[in-house]
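Trainee: Could you walk me through this model before I get back to the bench? I'd like to ask things as they come up.

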Number of protein chains: 2
Amino acid sequence: MGIAERKIREKEATRELILRVSWRIVKQQGWQSLSMRKIASSIEYSVPVIYNHFPNKEAILLAFVKQGFQKLNNALCGATVKQQSAEQRIEALAYAYLRFAATNTEYYQLMYGMGMPSCKMVRETAELSAFTDILLAPIRLVTCKNKSKEVDPLMKLRTFWSMLHGLVCITHMAGDHSDDQNKTVLKDFVHSFIAGIKN
Amino acid sequence: MGIAERKIREKEATRELILRVSWRIVKQQGWQSLSMRKIASSIEYSVPVIYNHFPNKEAILLAFVKQGFQKLNNALCGATVKQQSAEQRIEALAYAYLRFAATNTEYYQLMYGMGMPSCKMVRETAELSAFTDILLAPIRLVTCKNKSKEVDPLMKLRTFWSMLHGLVCITHMAGDHSDDQNKTVLKDFVHSFIAGIKN
DNA sequence: TATATTTGCTAACAGTGTTAACTTAAATTT
DNA sequence: AAATTTAAGTTAACACTGTTAGCAAATATA
């Protein structure tokens with residue numbers, strides 16, 4: 001009996017439809033003004049139908065958070081494979097991170113700006129732990145190589161992440177998307193960061 | 001005729017009452033659930049009265065943003081006066097910044113988390129330009145001293161601010177308020193930052 | 001074909017920010 | 001002091017928001 005399967009397929013289809021129209025609304029009007037009624041009218045169903053696919057509005061936004069981290073992870077992975085040394089990889093990661101934040105502002109805002117409920121989220125969502133793993137890998141390589149000083153890779157990860165996110169925030173806030181200054185700041189950052197874990 | 005003056009005084013009094021009860025609500029229930037009706041019932045007036053003192057709700061929150069930057073500026077100034085060298089001042093600023101963010105989470109969230117309308121705000125609000133001046137002063141001192149390389153103080157300010165804010169964000173997100181790790185990361189940051197502007 | 005189940009709808013509840021219209025109180029002018 | 005003007009504060013509404021209970025219709029199972 002393929003009926004059940006067809007139903008599952010249909011359900012999945014409308015679920016993705018909801019996400020698709022939601023994303024269109026987010027891009028057009030900002031995620032602040034995404035509403036259940038707007039979604040409902042876009043998918044040409046009544047409002048309660050949405051609740052058959054998502055427990056609440058937050059779950060829809062959370063889906064985008066995960067989607068965003070997946071995209072970010074892909075971008076980061078794509079940036080590392082080309083590089084040879086761990087140091088070059090770290091630098092490439094930093095550039096890729098900033099490029100992602102600059103070109104996917106809606107995603108980035110959702111990923112970080114949603115009132116930061118992330119205390120539990122960091123551990124629970126797979127996409128986020130994958131993200132930290134990607135950043136951690138080349139850091140581990142460098143820290144292991146030089147055993148003169150004992151440096152905690154997890155601490156260095158935090159340093160690196162703080163650096164990147166801070167730069168994105170301030171850049172975003174200044175409304176300055178001329179990458180001139182940013183690249184200089186980033187270069188500055190990355191080089192001193194790498195120097196900090198090497199010696 | 002002191003009537004007009006008394007009226008001005010009364011008006012100012014209820015304005016401050018609005019801010020006072022609003023802040024109480026923010027601290028108790030979070031700024032997300034601050035509402036005009038809650039404010040109205042707290043001040044024992046009807047809702048439209050609030051609009052005689054503030055054009056809209058955002059203006060109330062903006063008042064807290066300014067208040068927050070004033071408090072931050074005070075904390076930063078208090079931290080610098082004790083220090084002798086510019087390098088020590090920079091380090092003290094960094095610690096004071098993190099301490100402020102840790103102890104005044106509500107303020108910090110409002111100052112940065114309000115959907116970042118700050119594009120115009122950065123230039124327009126006096127408290128923010130005062131803030132940047134405070135950070136900029138010791139940076140300028142160090143950059144001027146060493147004329148071997150030409151470093152842009154404004155760029156270094158961005159680097160410094162990014163560093164601090166990024167660290168606050170990630171710390172906040174991790175829900176980790178044990179200052180052990182943070183202090184190590186911050187020390188790491190500050191030293192490499194100072195090294196970056198010296199040579 | 002009759003029964004059970006899922007699906008989708010309308011309408012409502014309890015909120016939100018904001019504002020127009022009206023009443024009451026206060027201050028000014030005659 | 002009385003009449004008029006001005007300011008203050010109220011109620012009630014508008015247009016939204018997320019969420020859910022109750023009911024009708026379409027579908028799948030027995």
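What follows is a short run of questions and answers on the chains, their contacts and the DNA.

Trainee: What kind of model is this, and how are residues and chains labelled?

Mentor: This is a predicted model, where local features need pLDDT of at least 70, side-chain atom pairs count only at pLDDT 80 or more, and totals for chains, interfaces and linings use all residues. Residues are numbered from 1 along each chain as its sequence is written, while chains are lettered from A and ligands numbered from 1 in the order in which they are written.

Trainee: How many helices and how many strands does chain A have?

Mentor: Helices (H or I, at least four residues) and strands (E, at least two) are DSSP runs here, numbered from the N terminus. Reading along chain A gives α-α-α-α-α-α-α-α-α-α. The count for chain A is 10 helices and zero strands.

Trainee: What share of the contacts in chain A with a separation of 6 or more comes from residues 24 or more positions apart?

Mentor: Two residues are in contact if their C-beta atoms, placed from the backbone, lie within 7 Å. Among the chain A contacts with a separation of 6 or more, residues 24 or more positions apart account for 63%.

Trainee: Is A:I197 buried or exposed?

Mentor: A:I197 is in helix α10 (residues 179-198) of chain A, and it touches A:I139, A:V142, A:T143, A:V151 and A:K156, leaving aside residues up to four places away in sequence. A residue is buried if 20 or more other C-beta atoms lie within 10 Å of its own, exposed if 12 or fewer, and partly exposed in between, with C-beta atoms placed from the backbone. Because A:I197 has 24 C-beta neighbours inside 10 Å, it counts as buried.

Trainee: And A:E12, buried or exposed?

Mentor: A:E12 belongs to helix α1 of chain A. Its C-alpha is separated by 38 Å from that of A:R89, 77 residues apart along the chain. With 11 C-beta neighbours inside 10 Å, A:E12 counts as exposed.

Trainee: Which elements help cover the buried residues of α6(A)?

Mentor: In helix α6 (residues 105-113) of chain A, the buried residues are A:Y107, A:Y108, A:Q109, A:L110, A:M111 and A:Y112. Their cover includes, from chain A, α4 (57-80), α5 (86-103) and α9 (153-174).

Trainee: How far apart are the end C-alpha atoms of helix α5 of chain B?

Mentor: The expected span of a helix is 1.5 Å times one less than its number of residues. For the 18 residues of α5 (residues 86-103) of chain B that should give 26 Å, which agrees with the end C-alpha atoms being apart by 25 Å.

Trainee: What relates chain B to chain A?

Mentor: Copies are superposed by least squares on the C-alpha atoms of residues with pLDDT of at least 70 in both. Chain B can be laid on chain A by a turn of 180° and a shift of 0.0 Å along the axis, with an RMSD of 0.0 Å. That is the relation of a two-fold axis.

Trainee: Which element gives the largest share of the side of chain B that touches chain A?

Mentor: In this interface, 29 residues of chain B are in contact with 29 residues of chain A. On the chain B side, α7 (118-124), α9 (153-174) and α10 (179-198) each supply at least two residues. The largest share, 14 residues, comes from α9(B).

Trainee: Which residues are closest to DNA strand D?

Mentor: A residue is near a strand if its C-beta atom, placed from the backbone, lies within 6 Å of it. By that rule 18 residues surround DNA strand D. Helices α1 (3-29), α2 (36-43) and α3 (47-50) of chain A, together with α3 (47-50) of chain B, each supply at least two of them. The closest are A:S35, A:M36, A:N56, A:K57 and B:S46.

Trainee: And which are closest to DNA strand C?

Mentor: Ala, Val, Leu, Ile, Met, Phe, Trp, Tyr, Cys and Pro count as nonpolar, Asp, Glu, Lys and Arg as charged, and the others, Gly among them, as polar. The surface near DNA strand C divides into 10 nonpolar, four polar and four charged residues. Of the 18 residues that surround DNA strand C, the closest are A:S46, B:S35, B:M36, B:N56 and B:K57.

Trainee: What is phi of A:E44 near?

Mentor: A:E44 sits in the loop between α2 and α3 of chain A. Most residues other than glycine have a negative phi. A:E44 is a residue other than glycine with a positive value, near 60°.
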